[in-house]
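Biologist: I should like to go through the terms used to describe this model and hear the reasoning behind each one. Please set the values against the cut-offs.

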Amino acid sequence: NRRFWHADGGYLFDVVDGDDGDDSSLRPNQIFSMSLPFPVLAAEHRLAVLRAVERELLTPVGLRTLSPHSAAYRGTYGGDATLRDGAYHQGTVWPWLLGPYLTAHLKLHANRAYVKEILDTFFAHLPEAGVGSISEIFDGDAPHAARGCYAQAWSVGELLRLHRSVDGGRGV
């Protein structure tokens, strides 16, 4: 907690003690620090991290892999294999990351109505790409076009897990 906390940003460093020093890129990895059954992030930092993720990474279809304020941000996933590979973790949206994000949100706020609202909004995607399924990734920039494969198991699995937890009465 002491080493990864980026006080000036109000979130966790992406990398500490790397070849170029500490990397303050805002990425979704830090959401795991409070979404796991055994949160490792100190309680006094959790709300700030959640707010940073909501402000910079949250989209209607998942979490961006990098803040749009980063110089390395790529808002569109497309082009040849080299361009696509370069964008994959530089702003592309991953729907499955809604699972850890909403789990963390529930732990802090216990607001199942918010989770249902996010899921209901997201489920509008179901008839768009692979009918009845969830795309692998989306562009980081609006309108967040579906990209990658049109049916991704881990995205479907996470959203079904969340849906069951808020509608089926099961805990997250």
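Modeller: A strand here is a DSSP run of E with at least two residues, and strands are numbered from the N terminus. The model is a predicted one. Strand 3, residues 15-18, contains Asp17.

Biologist: What makes the phi of Asp17 worth a remark?

Modeller: Most residues other than glycine have a negative phi. Asp17 is not a glycine, yet its phi is positive, at about 55 degrees.

Biologist: How do you know whether Asp17 is buried or exposed?

Modeller: Exposed requires a relative accessible area over 50%. Asp17 has 58%, so it is exposed.

Biologist: Which value of phi does Ala110 have, and where does Ala110 lie?

Modeller: Ala110 has a positive phi near 50 degrees, although it is a residue other than glycine. It lies in the loop between helix 4 and helix 5 (112-122). With a relative accessible area of 64%, against a cut-off of over 50%, Ala110 is therefore exposed.

Biologist: Why are helix 2 and helix 4 called oblique to each other?

Modeller: Helix 2 (residues 43-56) and helix 4 (residues 98-109) pack at about 140 degrees, and their axes are 11 Å apart. Roughly antiparallel would need an angle over 145 degrees, and roughly perpendicular covers 65 to 115. The angle fits neither class, so the two helices are oblique. The crossing of helix 2 past helix 4 is left-handed.

Biologist: Which residues of helix 2 and helix 4 meet?

Modeller: From helix 2 come Arg46, Leu47, Leu50, Val53 and Glu54, and they meet Tyr101, Ala104, His105, Leu108 and His109 of helix 4. By class, this contact has 6 nonpolar, 2 polar and 2 charged residues.

Biologist: The structure holds 3 aromatic pairs. Why is the pair of Tyr88 and Trp94 called edge-to-face?

Modeller: Ring centres must lie within 6.5 Å to pair, and planes over 60 degrees apart count as edge-to-face. For Tyr88 and Trp94 the centres are 5.0 Å apart and the planes make 75 degrees, so the pair is edge-to-face. Together with Tyr77, these two residues form one aromatic cluster.

Biologist: What makes Tyr88 partly exposed and Trp94 buried?

Modeller: Buried means under 20% relative accessible area. Trp94, at 7%, is therefore buried. Tyr88 has 23%, between that limit and the 50% limit for exposed, and so counts as partly exposed.

Biologist: What is the peptide bond from Ala142 to Pro143 called?

Modeller: That bond is cis, with omega near 15 degrees, whereas most peptide bonds are trans. Pro143 is in the loop between strand 8 (137-138) and strand 9 (146-147).

Conventions: Residues are numbered from 1 along each chain as its sequence is written. This is a predicted model: local features need pLDDT of at least 70, side-chain atom pairs count only at pLDDT 80 or more; totals for chains, interfaces and linings use all residues. Side-chain values use heavy atoms; hydrogens and water are left out. Axes are lines fitted to C-alpha atoms, for helices over the stretch in contact, and angles run from 0 to 180 degrees between N-to-C directions. Helices (H or I, at least four residues) and strands (E, at least two) are DSSP runs, numbered from the N terminus. Angles under 35 degrees count as roughly parallel, over 145 as roughly antiparallel, 65 to 115 as roughly perpendicular and the rest as oblique. A crossing is left-handed if the near helix is turned anticlockwise from the far one by less than a right angle, and right-handed if clockwise. Contact means heavy atoms within 4.5 Å. Ala, Val, Leu, Ile, Met, Phe, Trp, Tyr, Cys and Pro count as nonpolar, Asp, Glu, Lys and Arg as charged, and the others, Gly among them, as polar. Rings of Phe, Tyr and Trp (its six-membered ring) pair if their centres lie within 6.5 Å; planes under 30 degrees apart count as stacked, over 60 as edge-to-face and the rest as tilted. Buried means under 20% relative accessible area, exposed over 50%, partly exposed in between (1.4 Å probe, protein chains only).
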